[in-house]
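This report goes through selected local features of one protein chain. The sequence and the coordinates come before the discussion.

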Amino acid sequence: MMDLSDYAMVEGHPKYKQAIKREHAIYTRAYDIRTPFVRDYTRLIFSQGYRRLKNKTQVFFAVDDDHVCTRLEHVNLVSSIANTIARELKLNTELTQAIATGHDIGHAPFGHGGERILKDISQHYHLEPFWHERNSLHFVDDIEVLEDDYHHFYNLDLTYAVRDGIIAHCGEMQQALITPRDEVIDLQKDFTRPGMFEPYTYEGCVVKMSDKIAYLARDIEDALRLHIIDHNEVNALRDELNALGGYQFNAINNGSVVNYFIQDVIHHSSSAGIGLSEEAYRKMHIIMNFNYKHIYLIKRVDIHNNYVKLMMNSLFEFLYDYYQSPTFLEDLKDDRDQYHTLITHYLAHLEKHAQFPHIPRNPNYENKVLYDFEHDPQAITKSILDYLAGMTDTFLIKSFNELLSF
């Protein structure tokens, strides 16, 4: 087992000053015992975006079953796996936990299907493509706010290392070795597609690897529970994995699969990076292919994606049409009793993040202005996209149902 303590992102590491750097200094309290990365962790779990993950889809959508994995459970699984690996490799578990906790905070409602729909809308309106790793950084940098001791709201202002680990976490890439990069980049400007850069820290690499491990068997368990696949198919997968030789699976379930990959990563990581053995890499590839064929790309998923597309596009167009009126804000306020869920919360979103001509901003909001309705012709589009991206599955369905009510 490799001791990577020399590479842990702690005080004395040559990258540490950059790793703990924040865009703006955050307030301090007397006798605060938290490290910079623990402060990031608590700022994340206090955020509204983190709370909403409990009602966002991981793979299966708005299922009336308390035992089907949600986005919040996935985040907790990634955190558990990553902390185990980081602890055994003697890396910084505080940084690891903060990255894992925030890595999906900007994920779209309805999982990757919702993500593709928001990408289509953003490109139709000539904005940068939507992708959840970038949007998670956008949420922690720009959207999420916390209240201070004087009822003023500020952005989270997380450290560079945590922000970097969030945007660099892309778990859909198949890699046997993840090696941290050395260069400092502008995370908002230089990162233009998923997986473009590796994380800046070994801890970020651990989270990226753990994201892959976390969903492999958990998605299989849910698919079994919902009768999308059966035990014969899973047993056939087990036999295919065992035919490769090496470790022999008695069962394919979350515990056995997670344990296998954790042990493999711990014993095959080194100063070169966070890695898998050739055997484990091939087995991960087989499980991923099984999941795509039998779970992610089945016809039932396409049918539901069409339903989600109808809801998202309808909500977007409904709010966008208000902007065609010169009395845009007044019209929204007039209609909020009829569309209470959708419009009331959209107006609150604008109050927090928008600037309108000749309307003073609430002085308690000292966070960034994201939608400048005087100078930015895309302000309305950006504001609606961010509002939709922040919705839970249940809130989006409730909002859509308001449009059907008379």
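Does Tyr50 count as buried or exposed? The model is a predicted one, and in it Tyr50 has a relative accessibility of 16% and so counts as buried, the cut-off being under 20%. Tyr50 belongs to helix α3, residues 48-52. Leaving out residues up to four places away in sequence, Tyr50 touches Leu44, Ile45, Leu72, Val75, Asn76, Thr101 and Ile105. Lys90, 40 residues from Tyr50 in sequence, has its C-alpha 27 Å from that of Tyr50.

**Core and helix α9**

The largest nonpolar core contains 127 residues, and Ile220, Phe261, Ile274 and Phe328 have the most contacts inside it. Helix α9, residues 202-225, supplies the largest share of this core, with 13 residues. Of the 24 residues in α9, 22 are buried, so this helix is largely enclosed by the rest of the structure.

Two residues illustrate the surroundings. With neighbours within four places in sequence set aside, Ile220 is in contact with Ile229, Val234, Leu237, Ile252, Ile287, Phe290, Asn291 and Ile295. Ser210 is part of helix α9, and Ser210 is buried at a relative accessible area of 0%. Its contacts beyond four places in sequence are Val78, Ile81, Ala82 and Ile85. Just after α9, His227 adopts a positive phi of about 65°.

**Helix spans**

How do the end-to-end distances of three helices compare with the expected spans at 1.5 Å a residue?

| Helix | Number of residues | C-alpha end-to-end distance | Expected span |
|---|---|---|---|
| α7 | 12 residues | 14 Å | 16 Å |
| α9 | 24 residues | 36 Å | 34 Å |
| α11 | 15 residues | 21 Å | 21 Å |

For α9 the distance agrees with the expected span, and for α11 it is close to the expected value. Helix α7, residues 132-143, falls short of what a straight helix would reach.

Burial can be read alongside these spans. In α7, 12 of the 12 residues are buried, so the helix is largely enclosed by the rest of the structure. Its buried residues include the charged residues Glu133, Arg134, Asp141 and Asp142. Helix α11, residues 254-268, has among its buried residues Asn254, Tyr260, Phe261 and Asp264. The elements covering the buried residues of α11 include α4 (71-89), α9, β4 (274-275) and α12 (278-296).

**Packing of α15 and α16**

Helix α15 (residues 340-353) packs against helix α16 (residues 379-390) at an angle of about 115°, and their axes are 11 Å apart. The crossing is right-handed. On the α15 side, the residues in contact are Thr341, Leu342, His345, Tyr346, His349 and Leu350, and they meet Ile380, Ser383, Ile384, Asp386 and Tyr387 of α16. By class, this contact has 6 nonpolar, 4 polar and 1 charged residues.

**Positive phi in loops**

Most residues other than glycine have a negative phi. Where do His126 and His358 lie? His126 is in the loop between α6 (111-124) and α7, and its phi is positive, about 65°, although it is not a glycine. His126 counts as exposed, at 72% relative accessibility. His358 is in the loop between β5 (354-355) and β6 (371-372). The phi of His358 is also positive, near 65°, and His358 counts as exposed at 83% relative accessibility.

Notes
Residues are numbered from 1 along each chain as its sequence is written. This is a predicted model: local features need pLDDT of at least 70, side-chain atom pairs count only at pLDDT 80 or more; totals for chains, interfaces and linings use all residues. Side-chain values use heavy atoms; hydrogens and water are left out. A nonpolar core is a set of buried Ala, Val, Leu, Ile, Met, Phe, Trp, Tyr and Cys residues joined through side-chain atoms within 4.5 Å. Buried means under 20% relative accessible area, exposed over 50%, partly exposed in between (1.4 Å probe, protein chains only). Helices (H or I, at least four residues) and strands (E, at least two) are DSSP runs, numbered from the N terminus. Contact means heavy atoms within 4.5 Å. Axes are lines fitted to C-alpha atoms, for helices over the stretch in contact, and angles run from 0 to 180 degrees between N-to-C directions. A crossing is left-handed if the near helix is turned anticlockwise from the far one by less than a right angle, and right-handed if clockwise. The expected span of a helix is 1.5 Å times one less than its number of residues.
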